[in-house]
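User: Could you take a close look at the buried interior of this model and walk me through how it's packed? I'd like one connected account rather than a list.

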Amino acid sequence: MEVGAPPPPSNEDNREFGCDHYKRRCKIRAPCCNQVFSCRLCHNEATSSLSDPKDRHEIVRHDIKQVICLLCNTEQEVAQVCSNCGEKMGEYFCGICKFYDDDISKGQFHCDDCGICRVGGRDNYFHCKKCGACYMVGLRDNHSCLENSMRNYCPVCYEYLFDSVEVSRVMKCGHTMHDTCFLKMIQQNQYRCPICSKTLFDMSNQWTRLEAEVFVLSPLFVGSFPMVLYYEQLVYFVLIQLVS
């Protein structure tokens, strides 16, 4: 070792704390069941799998009062710095949500209107008061507002969207769903909103081509008006759904 060089980091400094959801140096005591968990998501996963449905419940993040420092094992009131050893229990800390996270690359920020913490960077999001959630700034004045559209369940997986850790997508109609569920739906050649059945993309070229094919095929079905009428009605039905 060179003279004057700082000592190499100890194994203690290199240890990673936390869980699969968040890296942090504390655990929480759930006020609802008085049990200790690494984070609220760990709590919800554990309690949702209980055999008795009456025992299943979710934690209210704002009600958390006590945390346990993982460096000195001291239980204490919620704070960013441990009252005993003086270490930060999370590089990002929100005293409202009682939330800790060492990975600040996520760009965490607290939204007062949502009442919870979001990720992605405060400057990259705005709160839509009518939709009731934070959207990317590119959607400002560029989306269909629906009252509390994010305070609903994903129409594919049925997880509650508002506080989901999964990325959500706002569709042309204003309804919302998980982005992963949206992509899976597209892979299954489903191009309509599962809630209102409006098309997800501009399909005008496809409808024009379909209508042209119907008129080209019409002479082949002279005397078979029911089939021609069926196709024409189908085209008009799709067009009505598109513009409604």
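Analyst:
**A look inside the core**

In this chain of 244 residues, 33% count as buried. Keep in mind that the model is predicted. The chain has five helices and twelve strands. Its exposed area comes to about 15200 Å², with carbon and sulfur atoms supplying 52% of that. As for long-range wiring, take the contacts with a separation of 6 or more: 31% of them join residues 24 or more positions apart.

Now for the core itself. The largest nonpolar core has 27 residues, and the members that touch the most others are Met89 and Phe99. Plenty of elements chip in: β1 (26-29), α2 (40-48), β3 (66-69), β5 (92-94), β6 (99-101), β7 (109-111) and β8 (116-118) each give at least two residues to this core.

Phe99 is a good place to zoom in. Once you skip its neighbours within four places in sequence, Phe99 is in contact with Tyr22, Arg24, Tyr92, Phe93, Cys94, Gln108 and Cys117. Two of those partners also join Phe99 in an aromatic cluster, made up of Tyr22, Tyr92 and Phe99.

Two of the contributing strands, β1 and β3, are worth following into their sheet. That sheet is open, has four strands in the order β2-β1-β3-β4, and pairs in the antiparallel sense. At its edges sit β2 (36-37) and β4, each pairing on one side only. In the middle, β1 and β3 are held by four bridges, antiparallel. You can trace the register from either end of the pairing: Cys26 has Cys69 as its bridge partner in β3, while Arg29 is matched with Gln66 in β3. On the other flank, β3 pairs with β4 (residues 75-77), again antiparallel, over three bridges, and here Val67 has Gln76 as its bridge partner. These two strands make a hairpin with five residues between them, and Asn73 in the turn takes a positive phi of about 65°. If you're checking which side chains point where, remember that in a regular strand they alternate between the two faces of the sheet.

There's also a second core to look at. It lies apart from the largest nonpolar one and holds 16 residues, including Cys131, Tyr135, Met177 and Phe182.

Aromatics turn up here too. Across the whole structure, a search gives six aromatic pairs. One of them joins Phe126 and Tyr135: the ring centres are 6.5 Å apart and the planes are at 80°, so this pair counts as edge-to-face. Both Phe126 and Tyr135 are buried.

Phe162 has a different sort of partner. The charged end of Arg118 sits over its ring, 4.9 Å from the centre, and the charged end of Arg151 also sits over the ring of Phe162, at 4.0 Å from its centre.

Finally, have a look at His178 in strand β12 (residues 176-178). His178 has a relative accessible area of 1%, and the cut-off for buried is under 20%, so it qualifies as buried. Leaving out residues up to four places away in sequence, His178 touches Cys154, Cys157, Glu159, Leu161, Ser164, Glu166, Val167 and Ser168. Pro155 is 23 residues from His178 in sequence, yet the two C-alpha atoms are 8.7 Å apart in space.

How values were computed:
Residues are numbered from 1 along each chain as its sequence is written. This is a predicted model: local features need pLDDT of at least 70, side-chain atom pairs count only at pLDDT 80 or more; totals for chains, interfaces and linings use all residues. Side-chain values use heavy atoms; hydrogens and water are left out. A nonpolar core is a set of buried Ala, Val, Leu, Ile, Met, Phe, Trp, Tyr and Cys residues joined through side-chain atoms within 4.5 Å. Buried means under 20% relative accessible area, exposed over 50%, partly exposed in between (1.4 Å probe, protein chains only). Contact means heavy atoms within 4.5 Å. Accessible areas come from the Shrake-Rupley method with a 1.4 Å probe; for residues, only the protein chains shown count as cover. Two strands pair if DSSP finds at least two bridges between them. Rings of Phe, Tyr and Trp (its six-membered ring) pair if their centres lie within 6.5 Å; planes under 30 degrees apart count as stacked, over 60 as edge-to-face and the rest as tilted. A charge sits over a ring if NZ of Lys or CZ of Arg is within 6 Å of the ring centre and within 35 degrees of the ring normal.
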